[in-house]
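Thanks for sharing this one. Here are my notes, as numbered points to read alongside the model.

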Amino acid sequence: MTSIATSHPPTHDSPRSAAHGWRERFGDALMGSLATPARMLERGEGCHVWDVEGRRYLDFLGGIAVNALGHAHPALVEAVSRQVATLAHVSNFFATPPQLELAERLRVITGAGSRGRVFFGNSGAEAIEAAVKLARLNDPHGSRPRILALANSFHGRTIGSLSLTGKPALREPFEPLLPGVEHIDSTIEALDAALDDTVQALVVEPIKGEAGVIDLPDRYLARARELTRERGALLILDEIQTGIGRTGHWFAYQRDGIEPDAVALAKGIAGGVPIGALVTFGDASDLFTAGQHGSTFGGNPLATAAGNAVLAEIERSGLLGNAERRGEQIRAAIAAIGSPLVTELRGAGLLIGVGLAEPVAARVVAAAADAGLIVNGPNDSSIRLAPPLIVGDAEVAEFAELFALALEAAA
Ligand SMILES: Cc1ncc(COP(=O)(O)O)c(C=O)c1O
């Protein structure tokens, strides 16, 4: 057993002391489920972060589509500071003004309107857990045992959300998972074949982020909406990664002109303060009754005040339009690099998948970081970009320069 004398107590005297031996300390203190990261970050401002050695990086991953307003945005800092000094947490025995305000805002921006209802949790996986329970409630007579999800999808790592996740390598160590979940191919033909009146719900990501930013086939969501309505199944969209303006719309389904029965949200809502939400539409809003679901922290005033600040700032600064425009600009900049490694560009707005000709994503990510750029590789042959929605001309130009260096180094 490690004695107190030989362990490494946290020290906060200076950046140098925070940096000292941090990799060993990480491996020692953090659960083995996390690989030791390559860098330790200490602070951020706008679209940049600094590591404990004082190196600056352009952050084009945004905490995986979380830091919608970048780092240390004054609107978020002000809202969180004010709320923590006013009322940080109560419990579900009490309502609070920020909680109501955020629920009402989410009803408006999702289009769920006055028939919408919002459940708050603390993460994407919890939003999906609520969605799984909603699906179960769409089977009052026990005649709909099935939930459909897509092969290669990602919905989280709790047992319920992992049951929906279509990645065998993530699932297998934890089987048996929930019964009744089936993973189908992401084609309209597979949907037509599988979706009958034994299905509680179809759960779909409009763009599969963790799979490498993979788009659905054209008209997939429209067909999913038609079929689920015809067969009495719920259409549940996982917009945890695509939602809150990331694709240039508040939600990706709005590009397709459809409305789901429920949408799961998290990541960008509160710009880095943990939160998740399930928003239901129409009759699906009547499925849960009091006492059937809950969360100690979910919807607390601190997280919801942060959410209100982020959503207000997205509106005030026109960040949906910015996401669309900057997305185009970044795509054009990547095309202009002319690297033979880049085979395709996927996704929408500021969720961009760069397809690579060879399985060298890890090399590109490492070379980018060495050059001062943060991106990630969700699989061997894809790079994902999900920069803050506030990204501007200067950051796009800096990205183009650094990404060109990274592609060249990896090639
Ligand atoms: C589409 C999607 N669903 C669910 C999740 C799980 O969210 P969390 O990690 O907050 O539990 C993620 C996280 O990456 C995601 O991208």
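1. Let me start with a loop residue that may catch your eye: isoleucine 244 sits in the loop between strand E10 (234–238) and strand E11 (262–265). Its phi is near 60 degrees, which is a positive value in a residue other than glycine. Please keep in mind while looking at this residue that the model is predicted.

2. A second positive phi turns up at alanine 72, again in a residue other than glycine, with a value near 55 degrees. You will find alanine 72 in the loop that runs between helix H3 (62–65) and helix H4 (74–84).

3. There is also a cis peptide bond to look at. It links glutamate 175 to proline 176, and its omega is near 5 degrees. Proline 176 belongs to the loop between helix H8 (168–171) and strand E6 (181–184).

4. Now to the ligand site. Which residues are around the ligand? Going along the chain, they are Ser123, Gly124 and Ala125, then Phe154, His155 and Gly156, then Glu205 and Glu210, then Asp238, Ile240 and Gln241, and finally Lys267. By class, this shell holds four charged, five polar and three nonpolar residues.

5. For the polar contacts of the ligand, I would look at three places. At glycine 124, a polar backbone atom is 2.8 Å from an oxygen atom of the ligand. At aspartate 238, an N or O atom of the side chain is 2.7 Å from a ligand nitrogen atom. At lysine 267, a polar side-chain atom lies 3.1 Å from an oxygen atom of the ligand. As for cover, the ligand exposes 390 Å² when taken alone, and the protein buries 81% of that area.

6. On to helix packing. Two packed helices are described by the angle between their axes and the distance between the axes. Helix H12 (residues 319–337) packs with helix H14 (residues 393–410) at an angle of about 30 degrees, and their axes are 10 Å apart. Angles under 35 degrees count as roughly parallel, so H12 is roughly parallel to H14. The crossing in which H12 passes H14 is right-handed.

7. H14 has another packing partner, helix H13 (residues 361–371), with the axes 8 Å apart and an angle of about 130 degrees. That angle makes H13 oblique to H14. Here too the handedness is given: H13 passes H14 in a right-handed crossing.

8. One last pair: how do helix H5 (residues 97–110) and helix H11 (residues 301–316) cross, and at what angle? Their axes come within 8 Å and cross at roughly 40 degrees, which makes H5 oblique to H11. The crossing of this pair, H5 and H11, is left-handed.

Technical notes:
Residues are numbered from 1 along each chain as its sequence is written. This is a predicted model: local features need pLDDT of at least 70, side-chain atom pairs count only at pLDDT 80 or more; totals for chains, interfaces and linings use all residues. Side-chain values use heavy atoms; hydrogens and water are left out. A residue is near a molecule or strand if one of its heavy atoms lies within 4 Å of it. A polar contact is a pair of N or O atoms within 3.5 Å; within protein, one must be able to donate a hydrogen and the other to accept it, and residues adjacent in sequence count only if both atoms are side-chain atoms. Accessible areas come from the Shrake-Rupley method with a 1.4 Å probe; for residues, only the protein chains shown count as cover. Ala, Val, Leu, Ile, Met, Phe, Trp, Tyr, Cys and Pro count as nonpolar, Asp, Glu, Lys and Arg as charged, and the others, Gly among them, as polar. Axes are lines fitted to C-alpha atoms, for helices over the stretch in contact, and angles run from 0 to 180 degrees between N-to-C directions. Helices (H or I, at least four residues) and strands (E, at least two) are DSSP runs, numbered from the N terminus. Angles under 35 degrees count as roughly parallel, over 145 as roughly antiparallel, 65 to 115 as roughly perpendicular and the rest as oblique. A crossing is left-handed if the near helix is turned anticlockwise from the far one by less than a right angle, and right-handed if clockwise.
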